[in-house]
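Below are my notes on the model you sent, set out as numbered points. Please read them with the structure open beside you.

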Amino acid sequence: MPELPEVETVRSGLEPLLVGRRIECVVCHRSSLRYPLPELTALTGKKVQKVRRRAKYLLFDLEGGQVLVWHLGMTGQFHVLSQQVEAGAHEHVRFDLADGQSLRYRDTRRFGYAGLLNGTELGQHPWFAKLGPEPLSEDFNVDHLSVGCSGRKAPIKSVIMDAAVVVGMGNIYASESLFRAGIHPARAAKRISHKRLVVLTEMIKQILAEAIEAGGSSISDFVHTDGKPGYFSHAFRVYGRQGEICLSCGKAIKRMIQCGRSTFYCSGCQH
DNA sequence: AAATGAACCTGTTTGC
DNA sequence: TGCAAACAGGTTCATT
């Protein structure tokens, strides 16, 4: 579920439920995620002060200056449930809150990971040190993208998915933003005109903003139900649509493999 | 330096 | 029908 818009949706859904609440008890059913989990019992008794997001990381600011950093990997999910509810399949951690509710972390593939970091050193930590700007901030603009593309003959898709250039672009939104910009995913980054990079910058911002907007409407679902499959997927114009008709030009959508990942595009609309 | 592939895991879908 | 291969939203590490 997690590209930037999904993580932001999780963040904004958890924020009102966690901020100001105290963690009474932490139960870890399995600590071997992508990396071993930190010693979570250290959180006992701490109050959550903020729920933030940086790139695809969730940041839980705790009383005392520590930050619980959590990455959802491919299949990580947070749910808020009554403490009475039994642990479901692939539930690895449960945080009991002071109000009878509990925050559950579930992760089928266990690609997720977490760390308990010192808030003042976040920026120096390897997970954050080399991250590029947030795509929806003013720091991400055409001049920044131009620098990221200059001299690189790598396909543009891998450049916009490079977190050192811009954070948050995953496999879905990379394909979708390139379609909207009319740029072929395999085009060498350095061979894209400034004018077209202006459009791409705009489309990246546009699609992420739209997806966050769509996620915002399903916040209550995500809290109370199991993972919703693709609330924004109705808006996909190329992702997962190989063989189907391009909604703009009528040609068949194609699929190819780039860097081991599926890329979807329209050969009629993207050059 | 930069590009590609493998690895980490489990579940579901596709193809023979 | 049965079984194996392919594939899935991310990131890091090793190898050309």
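**Notes on the predicted model**

1. Helix H1 packs across strands S2 and S3, and its direction makes an angle of about 175 degrees with S2. This is a predicted model, and every remark below should be read as a remark on a prediction.

2. Confidence comes next. Chain A has a mean pLDDT of 92, with 94% of its residues at 70 or more. The exception I would mark is residues 216–230, where pLDDT stays under 50. For this stretch the model has 17 contacts beyond four places in sequence. Where pLDDT is low, the predicted coordinates should not be read in detail, so I would not build an argument on those contacts.

3. What is the strand order of the sheet that holds S2 and S3? The order is S2-S3-S4-S8, in an open sheet of four strands with antiparallel pairing. S2 and strand S8 (113–118) are the edge strands; each has a single partner strand, so one side of each is left without a neighbour in the sheet. From one strand to the next, the twist averages 20 degrees.

4. The pairing in this sheet can be followed strand by strand. Strand S2 (residues 48–54) and strand S3 (residues 57–62) run antiparallel and are joined by six bridges. Within this pair, Val-48 is opposite Leu-62, and Val-51 is opposite Phe-60. The hairpin of S2 and S3 has two residues between the strands, and Ala-55 there adopts a positive phi near 55 degrees.

5. S3 also pairs with strand S4 (residues 66–71), again in the antiparallel sense, over five bridges. Leu-58 has Trp-70 of S4 as its bridge partner. Three residues lie between S3 and S4 in their hairpin, and Gly-64 in the turn has a positive phi of about 100 degrees.

6. On its other pairing, S4 runs antiparallel to S8, with six bridges joining them. Trp-70 appears here too, standing opposite Ala-114 in S8. Trp-70 is therefore a useful residue for tracing the sheet by eye, with Leu-58 as its bridge partner and Ala-114 opposite it in S8.7. The second open sheet also has four strands, in the order S1-S6-S7-S5, and its pairing is antiparallel. Strand S1 (23–28) and strand S5 (76–82) stand at the edges with a single partner strand each, so one side of each is left without a neighbour in the sheet. Direction ignored, neighbouring strands of this sheet are turned by 20 degrees against each other on average.

8. Which strand pairs with S1, and over how many bridges? S1 pairs with strand S6 (residues 91–97) in the antiparallel sense, over five bridges. Ile-23 has Leu-97 in S6 as its bridge partner.

9. Now the domains. Chain A is divided into domain 1 (4–129) and domain 2 (142–266). Their C-alpha centres lie 28 Å apart. Contact between the two involves 13 residues of domain 1 and 13 residues of domain 2.

10. Which elements of domain 1 supply at least two residues each to the side that touches domain 2? They are helix H1 (4–18) and S5. H1 gives the largest share of that side, with eight residues. By class, the residues on this side of domain 1 are five nonpolar, five polar and three charged. H1 thus appears in two places in these notes: lying across S2 and S3, and on the side of domain 1 that touches domain 2.

11. Last, the DNA. The residues around DNA strand B include Arg-34, Thr-108, Arg-109, Arg-110 and Phe-111. Also among them are Arg-152, Lys-153, Ala-154 and Ser-158, together with Cys-259 and Gly-260. The surface near DNA strand B has five charged, three polar and three nonpolar residues.

Technical notes:
Residues are numbered from 1 along each chain as its sequence is written. Chains are lettered from A and ligands numbered from 1 in the order in which they are written. This is a predicted model: local features need pLDDT of at least 70, side-chain atom pairs count only at pLDDT 80 or more; totals for chains, interfaces and linings use all residues. Two strands pair if DSSP finds at least two bridges between them. Axes are lines fitted to C-alpha atoms, for helices over the stretch in contact, and angles run from 0 to 180 degrees between N-to-C directions. A residue is near a molecule or strand if its C-beta atom, placed from the backbone, lies within 6 Å of it. Ala, Val, Leu, Ile, Met, Phe, Trp, Tyr, Cys and Pro count as nonpolar, Asp, Glu, Lys and Arg as charged, and the others, Gly among them, as polar. pLDDT is the predictor's confidence in each residue, from 0 to 100. Two residues are in contact if their C-beta atoms, placed from the backbone, lie within 7 Å. Domain bounds come from an automatic or database domain assignment.
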